[in-house]
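User: I am new to this structure and would like to learn how to read it. Could you walk me through it step by step?

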Number of protein chains: 2
Amino acid sequence: MRATRVIEALPANTPFVGPERLMRETGRSELVRLGANESPFGPSPRAIAAMTSELERLAWYGDPDSYALREALAARHACGVEQILVASGIDDVMGLCVRAFVEIGGIAVATRGTYPTFAYHVAGYGGRLETVPYTNEGAADLEALSALAHRTRASVVYLANPDNPSGAFIDRDRIAAFYESLPDESLLLLDEAYADFADPGQLLEPRFEERLVRARTFSKAYGLAGARIGYALTTQHNAELFERVRLQYGVNRNAQIGALAALGDEDHLAWVISETASARASYEALAHELGTAVLPSRTNFVCIDMGNAAQATWVMNELLERGVWIRKPGAPPLDRYIRVSAGTAEMREAFAAALRDVLATRRSVATP
Amino acid sequence: MRATRVIEALPANTPFVGPERLMRETGRSELVRLGANESPFGPSPRAIAAMTSELERLAWYGDPDSYALREALAARHACGVEQILVASGIDDVMGLCVRAFVEIGGIAVATRGTYPTFAYHVAGYGGRLETVPYTNEGAADLEALSALAHRTRASVVYLANPDNPSGAFIDRDRIAAFYESLPDESLLLLDEAYADFADPGQLLEPRFEERLVRARTFSKAYGLAGARIGYALTTQHNAELFERVRLQYGVNRNAQIGALAALGDEDHLAWVISETASARASYEALAHELGTAVLPSRTNFVCIDMGNAAQATWVMNELLERGVWIRKPGAPPLDRYIRVSAGTAEMREAFAAALRDVLATRRSVATP
């Protein structure tokens, strides 16, 4: 069978290899999971309790409107229920946004090497991605992104804030100025997957405008990555555009229930944020001990400088040999870093021991 | 913001209203749920146990390859892991199939009034749906579908077997002949959501050919509708086409775990199938008692004849007034039926009592 022109033209690649495949391929029965920025502190006990008691009703479809959750989110974000679209994680939100606004042959703009699923969707819907590199400090280059959006008349501009994989954070005033600087034909897709780790007072103020879609998730600070649930904050009009094509019954029933219970557990969230800050500090201290540096991070992961891209790749592979799974940025100038997710004290110790061992090996190889 | 031409042209409609919205709109705190063909017998206790013990690891993404589940499915269907694609239910599989094979402006063919999500996806991806009506016996008209596929050079032909909403079943020889009769440029998307209720010996034999995608689900006999998990059986080549654009991390982790455990519980499945047959028989007896007829069904629902479309709609609405939620087919010649899902004995009794009451009201109104 002949696939559509768009699908035929796509490469058969995979945006991310999962740890389960790495375990199959290396014959390991477990890994220290520090590669996908999953929360090592787990979901709220309230979320687990709520989901446990509802498992026996998993024969029921979830509410296709995710109404109870959207009501709670509307209260939290001081907006209307109609301005919220719940989907199967931010990946799903991004797909809807690209599908709704990028024509076949249309242009989207992003930072080269940022979270790759946006690029995946742009290609998957037949668009063309134009990129600019990170600055040498590892942040998105807002001026260059805006200039590129003007030059290409981009339909969608993607920005993750805080950024993944760099961890960089851009405060509200600079984001607002960037948004204002974009051309009228460009929608800003602001990926706020890690915003729960940032100071709320420094985040862009809530705005509900046609040219702005903000994406949030329960995968990170809320520890519900496996549930697949996230949402878009935007105008009612944009939400209705997504509504026309989204999988109406696509969100797992228990994910809705878990997310709603998690939203109500502020104490767990505060504890996760505090533990995550400790994890970042411990990675910074480790880097200092090892004579290297980290990129500043407002997320649940830290990039540690390995000097150059080949070394960073080698270190990542050597860590995997030692049972520690991390990832690394793929594009310069960040490709000389490894990226390690916040872990519990035990996971951090396993990572630190493995990294010390790997770097000692490197030194003994380099200076025999 | 201007959406893409395809999205702008779509109506702002909803394929199905969920029972939660009906409850909100009618102010009810519960409904007898007999409208979505959900299993009233619930998931396997083994699935519930497996999911319960894994809830605390829901901070982990599910395996993007759903490998363990695909291995079990490959053993069950005597095929390779590469010939199976796991997705968020059959709705997701259908979306991938339309996206991969129907160009903007391309043609798809289906029976008018069959499961509506196929039509939803065809419109959503900019295709055009051509339809033929059900036969007066409530079955798909295979000759007319094939002729239409030839006349329109359709990219995808959709057939649900057993069918929803009619419940009709077409045996293997007729399905095989239909498949063979289709033009070379048409792919058959065979929706087997309800196949677990049919006699395995009467189902189309496993075939893995480029022009055939079979879709299966854990939503019906396995009682995991709320988990959102289904799969495609097809060629490795087709699975790889879907792989290029699917949400790589889209399937809930606990859904994978629950489905795998459910597959291993043959006893629960056999019990559900047997209870479902009892439910069908009880609806048939009820129809007989009420002086009307049912369509033959090999599924977990039954269509009961209400005489004409207006009566059927009125009965459906009156049942809702009495706290019983069912649905009805929308297109002739099936629009004179109401469709009721298999329920437990208690749910069936609630339905029967409400239906007797509604029909008694009708008679007293009609002959005052």
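Analyst: We will go from one chain as a whole, to one strand, to the contact between the chains. Please keep in mind that this is a predicted model.

User: Happy to start there! How many helices and strands are there in chain A?

Analyst: A count of elements is a good way in. Chain A has 13 helices and 11 strands. Along the principal axes, its C-alpha atoms fill a box of roughly 65 × 55 × 50 Å.

User: What does the radius of gyration say about chain A?

Analyst: Here one compares the value with a rule for globules. For chain A the radius of gyration is 21 Å, close to the 21 Å that the globule rule gives for 368 residues, so the chain is as compact as a globular protein of that length. Buried residues account for 55% of the 368 residues. Contacts tell us about the fold too: of those in chain A between residues at least 6 apart in sequence, 75% join residues at least 24 apart.

User: Now a single strand. Is β5(A) enclosed or open?

Analyst: Look at burial, residue by residue. In β5(A), residues 156-160, 5 of the 5 residues are buried, so the strand is largely enclosed by the rest of the structure. On one side sit Val156(A), Tyr158(A) and Ala160(A), on the other Val157(A) and Leu159(A), and both faces are covered.

User: Which strands pair with β5(A)?

Analyst: Bridges are what to look for. β3(A), residues 107-111, pairs with β5(A) in the parallel sense over 2 bridges, and Ala108(A) has Val156(A) as its bridge partner. β6(A), residues 187-191, also runs parallel to β5(A), joined to it by 5 bridges; there, Leu159(A) is partnered by Leu190(A). Between β5(A) and β6(A) the chain passes through helix α8(A), residues 172-181, in a right-handed β-α-β crossover.

User: How is chain B related to chain A?

Analyst: Superposing one copy on the other gives the answer. A rotation of 180° with 0.0 Å of shift along its axis places chain B on chain A, with an RMSD of 0.0 Å. The two copies are thus related as by a two-fold rotation axis. In chain B, Thr52(B) has the C-alpha nearest the axis, 3.0 Å away.

User: And where do the chains meet?

Analyst: Each side can be listed by residue. The contact takes 66 residues from chain B and 66 residues from chain A. On the side of chain B, α5(B) gives the largest share, 5 residues. That side divides into 29 nonpolar, 17 polar and 20 charged residues. Finally, 98% of the interface residues of chain B are also interface residues in chain A, so the copies meet through the same surface.

Conventions:
Residues numbered from 1 in each chain as written. Chains lettered and ligands numbered in written order. Predicted model: local features only at pLDDT ≥ 70, side-chain atom pairs only at ≥ 80, totals over all residues. Least-squares fit on C-alpha atoms with pLDDT ≥ 70 in both. Contact = placed C-beta atoms within 7 Å. Buried ≥ 20, exposed ≤ 12 C-beta atoms within 10 Å, placed from the backbone. Helix = DSSP H or I, 4+ residues; strand = E, 2+ residues; numbered from the N terminus. Pairing = 2+ DSSP bridges. Right-handed = clockwise from strand over helix to strand, strands pointing away. Nonpolar A, V, L, I, M, F, W, Y, C, P; charged D, E, K, R; others polar. Rg over C-alpha atoms; globule rule 2.2 N^0.38 Å.
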